[in-house]
Amino acid sequence: MNNKVLSLYDWFLIIGVIASNLIYTILSGDVDVVGSVAGIAGVLCVVLVAKGSIWNYFFGLINVSMYAYISYKASLYGDAALNALYYVPMQFIGWWQWRKRGAAISKSESMDGVQVKARRFSWKQRVVLFAGCAAAVVAGAFVLKYVGDPQPLKDSTTTVLSIVAQALMALAFMEQWILWIITNIVSVIMWCVCVARGEAHAAVMVIMWSFYLLNSINGLKVWYSLSKYRSQTL
């Protein structure tokens with residue numbers, strides 16, 4: 001894998017989300033500081049994840065803290081709980097796990113570069129993974145519908161898959177990106193519904209998740225190569 005910190009595509013994503021937020025602010029006349037900072041920090045985080053850089057966890061901590069607040073205001077209780085109670089502590093756990101798997105803070109600290117040593121599941125493990133995720137999504141949707149979530153199936157999908165994907169990310173498994181792609185597609189749809197309902201911060205969340213989707217597709221490609229010779233099991 002190329003040891004360049006950021007590629008042209010990475011810069012496209014970063015500059016794109018900043019420009020999109022600025023354009024939205026100008027056109028709407030609404031300065032959404034919380035949403036914009038969350039979105040920009042989030043894109044910086046996922047770009048660095050795709051590069052295998054441990055510094056993703058710094059920007060991730062900023063993003064998930066703000067996103068928990070935004071989701072709570074939009075009554076997306078699954079996403080709010082996920083970010084506040086799971087993502088925030090997972091930033092610290094992920095940092096620790098990536099350090100154990102060879103991710104260095106700088107090139108001078110490691111002879112092998114700064115990227116984490118990625119790995120992948122076998123096909124049998126993938127079948128078990130996806131079947132388990134599907135069952136958990138259905139169960140979660142029933143619970144969220146009971147507590148009054150306006151979008152229970154979509155909220156359950158993003159919540160469950162994100163929990164699993166974040167764990168796979170901390171353990172440096174390539175399959176995280178398949179779950180992130182599904183999560184990002186559903187999240188774009190979910191926040192588009194929130195835009196139609198007039199929820200605060202919803203438009204900038206659509207922008208953020210759209211750029212997440214673009215990055216997750218690139219992340220799958222990069223981590224496929226990064227894990228090519230490190231196929232391992234848990």
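The largest cavity of this predicted model encloses about 310 Å³ of space. The structure holds one cavity of 30 Å³ or more. Its lining is made up of 27 residues, and those closest to the centre of the largest cavity are V46, N63, Y87, W180 and Y212. By class, the lining of the largest cavity divides into 13 nonpolar residues, 13 polar residues and one charged residue.

Six helices, listed below, each contribute at least two residues to the lining of the largest cavity. The residue ranges of α3 and α8 are those of the helix pair described after the table.

| Helix | Residues | Share of the lining of the largest cavity |
|---|---|---|
| α2 | 33-50 | at least two residues |
| α3 | 56-73 | at least two residues |
| α4 | 77-100 | at least two residues |
| α6 | 152-170 | at least two residues |
| α7 | 176-197 | at least two residues |
| α8 | 202-226 | at least two residues |

Two of these helices, α3 and α8, also pack against one another through a residue contact. The axes of α3 and α8 come within 13 Å and cross at roughly 135°, which means that α3 is oblique to α8. The crossing of α3 and α8 is left-handed. On the α3 side the contact is made by N63, Y67 and I70, and on the α8 side by M205, M208, W209 and Y212. The residues of this contact of α3 with α8 divide into six nonpolar, one polar and no charged.

The cavity and the helix contact share residues. N63 of α3 and Y212 of α8 take part in the contact, and N63 and Y212 are also among the lining residues closest to the centre of the largest cavity.

Definitions and conventions:
Residues numbered from 1 in each chain as written. Predicted model: local features only at pLDDT ≥ 70, side-chain atom pairs only at ≥ 80, totals over all residues. Heavy atoms only, no water. Axes fitted to C-alpha atoms, helices over the stretch in contact; angles between N-to-C directions. Helix = DSSP H or I, 4+ residues; strand = E, 2+ residues; numbered from the N terminus. Parallel < 35°, antiparallel > 145°, perpendicular 65-115°, else oblique. Left-handed = near helix turned anticlockwise from the far one by under 90°. Contact = heavy atoms within 4.5 Å. Nonpolar A, V, L, I, M, F, W, Y, C, P; charged D, E, K, R; others polar. 1 Å grid on protein atoms, 1.4 Å probe; cavity = no way out; pocket = protein on both sides within 12 Å on 5 of 7 lines; lining within 4 Å. Points joined across faces, edges and corners; volume = space filled by probe spheres on them.
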